[in-house]
Amino acid sequence: MAKIQSVRGTHDLVGETAAAHNYVVAAARDCAHRYGFEDIDPPIFEFTPVFARTMGEGSDVVRKEMYSFTDNGGEDISLRPEFTAGICRAFISGGMQQNLPLKFFAHGPAFRYERPQKGRQRQFHQIDAEILGVEGPGADIEIITLGAEILHDLGILQACVLDLNTLGDPESRLVYRDALVTYFSDHKDKLSEDSVDRLGRNPLRILDSKDDGDRKIVADAPLMAEFLNPASADFFAAVCEGLDTLGIAYNLNQRLVRGLDYYTHTAFEFVTDALGAQGAVIAGGRYDGLIKMLGGPPTPGIGWAGGIERLGMLAAHAPVPVRPIAFVPMGDAAERLALKLCHGLRRDGFTVDMAFRGNLSRRLKRANKQHARAALILGDDEIAKGVVTLRDLDDGGQQDVALDDIAVHLRKLLA
RNA sequence: GCGGGUGUAGCUCAGUCGGUUAGAGCGCUAGAUUGUGGAUCUAGAGGUCGGGGGUUCAAUUCCCCUCACUCGCCCCA
């Protein structure tokens, strides 16, 4: 550590980045609340098995991307690489099965030890939505709709495409998986090195390989749709029908698979081509077996996670900040009086900034830079007259205003 | 973990076929205006040329390593 610097893949949220971040979170939370989701904020670390068991020991995230450590009590702890496992753990340890169904919204940092690039960091931030305890396709429809509505509210829905697929129930998925293994084993000599590896660990993954040679083989591979049992096919049809009813456009993508073991039935991704290799902005699916796998009561679930940094980059328009009022006292007596006046104005709901240093010229420059709507100037002259000088920073006009009338005048100015 | 590109002032970038004091724009500070911002003018501050090592009389420039960023692979939000 030659220089003092942030850890690789971590960034300070400040200025425009912080504004974009908060904007995404606020828009998503508002939307989720309108859909009846309640907030949950689980710890950012859990016992390692919570993640390892649910995401699958064979998944890349668990194999090499987790920030794990032994704490001073000898416990095996991991920083969360995603939200779902922690929320399901909270559901189990909180005995929440009494209150099903539950709909949760969460947001915050997550951690993965990865090579950083655009839209991919080691500490990144997600918004997350989960519906627990709903077996039917209604939950799938609502959770996908919520994602679409958040993108709509952020003004970026048109920049995204919704890819949709089903992995079927565990029975269908297993049969399909066997069929894929058989098929790809026959073509093993022509598969890429990566895909030969996938064949053992996660054969479904071969379907979305970017390797040209793989793609040729994948083109003739058996399709999930052919292996769905009637129940799984009906379920997926109902999901599609619901989305059709709401006019939510989607693209059926039989190559869409999920990396994590716990997914069943519906899988979806809102993707964009505006962020380079990191296309997914909101992605998720159904995970009916997860809670039981964790040791809880068998409870179906479905959810998604969205990358706040990625969403923020797409929603480029910076939210317009409130224009403050700049208070400019000149001299000790004025500063003492300003302290009280500012306090009162802030209680009245005004956004007031008082610079702590600089002469009048300096402070007005600062006010201008903050796009302040007006400046309140208070010096010995004003104190003698019992007024402040209210300067309109848009047109340069100014007037004396009695101390008791400041709020009235400001309200008129801001209206 | 693997491959390519980049790293010069707070920011965006010139530049040096290896040579003496490394530049611009914007921003910052001060003054013109001892109590009036935006525009203009003037002056000023700010750089171990990412870090370490090597070659050389001499390295910001060439070579190696390293760190960070970036693009792609893997994987994923």
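1. Gly 95 has a positive phi of about 60 degrees, and its place is just after H4. The coordinates come from a predicted model, and the points below should be read on that footing. The loop between H4 and S5 also holds Pro 101. The peptide bond between Leu 100 and Pro 101 is cis, with omega about -5 degrees.

2. H4 itself is mostly covered, with seven of its 10 residues buried. These are Thr 84, Ala 85, Gly 86, Ile 87, Cys 88, Ala 90 and Phe 91. The buried residues of the helix pack against two kinds of element: strands S2 (45-47), S5 and S6, and helices H2 and H10.

3. The largest nonpolar core numbers 43 residues, and Cys 88, Leu 132, Leu 180, Phe 184, Leu 207 and Leu 290 have the most contacts inside it. At least two core residues come from each of H2 (48-55), H3 (60-65), H4 (84-93), S5 (102-111), S6 (123-132), H6 (170-186), H8 (212-219) and H10 (290-293). H4 gives the largest share, five residues. Nonpolar side chains tend to be buried together in soluble globular proteins.

4. Which residues does Leu 290 contact, leaving aside neighbours within four places in sequence? They are Thr 54, Thr 84, Cys 88 and Tyr 262. Of these, Thr 84 and Cys 88 are among the buried residues of H4, and Cys 88 is also listed with Leu 290 among the core residues with the most contacts.

5. Apart from the core of point 3 there is another, of 42 residues; Ala 32, Ile 131, Ala 139 and Ile 141 are among its members.

6. Three aromatic pairs turn up in a search of the whole structure. One of them joins Tyr 176 and Phe 227, with 5.4 Å between centres and 45 degrees between planes, a tilted arrangement. Tyr 176 belongs to H6, while Phe 227 is in the loop between H8 and H9 (230-245), so the pair links distant parts of the chain, 51 residues apart. The two partners differ in burial class: Tyr 176 is buried at 2% relative accessible area, whereas Phe 227 is partly exposed at 24%.

7. Why is the pair of Tyr 183 and Phe 184 edge-to-face? The planes of the two rings stand at 70 degrees, and edge-to-face applies over 60; the centres are 5.2 Å apart. Tyr 183 is buried at 15% relative accessible area, and Phe 184 is buried at 0%.

8. H6 also packs against H7 (residues 193-201): the axes come within 10 Å and cross at roughly 145 degrees. The crossing is left-handed. On the H6 side the contact uses Arg 177, Val 181, Phe 184 and Ser 185, and on the H7 side Leu 199, Gly 200 and Arg 201. Phe 184 therefore appears in this helix contact, in the edge-to-face pair and in the core list.

9. Two arginines have a charged end over an aromatic ring. Arg 80 sits over the ring of Phe 83, 4.0 Å from the ring centre. Arg 122 sits over the ring of Tyr 113, at 3.9 Å from the centre.

10. His 125, in S6, is buried at 9% relative accessibility. Its C-alpha is 6.0 Å from that of Gly 307, although 182 residues separate the two in sequence. Not counting residues up to four places away, His 125 touches Leu 13, His 21, Gly 108, Pro 109, Gly 306, Gly 307, Ile 308 and Glu 309.

11. Thr 266 lies in S9 (residues 264-271) and has a relative accessible area of 0%, which means that it is buried. Beyond four places in sequence, Thr 266 touches Asp 140, Ile 144, Leu 164, Asn 165, Thr 166, Phe 235, Val 239, Gly 284, Gly 285 and Arg 286.

12. Two histidines deserve a look at the backbone. His 265 has a positive phi near 50 degrees without being a glycine; His 265 is in S9 and is buried at 9% relative accessibility. His 371 likewise is not a glycine and has a positive phi of about 60 degrees. Its place is in the loop between H13 (360-369) and S14 (374-378), and His 371 is exposed, with a relative accessible area of 56%.

Notes: Residues numbered from 1 in each chain as written. Chains lettered and ligands numbered in written order. Predicted model: local features only at pLDDT ≥ 70, side-chain atom pairs only at ≥ 80, totals over all residues. Heavy atoms only, no water. Core = buried A, V, L, I, M, F, W, Y, C linked by side-chain atoms within 4.5 Å. Buried < 20%, exposed > 50% of the residue type's maximum accessible area, 1.4 Å probe, protein only. Helix = DSSP H or I, 4+ residues; strand = E, 2+ residues; numbered from the N terminus. Contact = heavy atoms within 4.5 Å. Phe/Tyr/Trp six-rings, centres within 6.5 Å; stacked < 30°, edge-to-face > 60°. Lys NZ or Arg CZ within 6 Å of the ring centre and 35° of its normal. Axes fitted to C-alpha atoms, helices over the stretch in contact; angles between N-to-C directions. Left-handed = near helix turned anticlockwise from the far one by under 90°.
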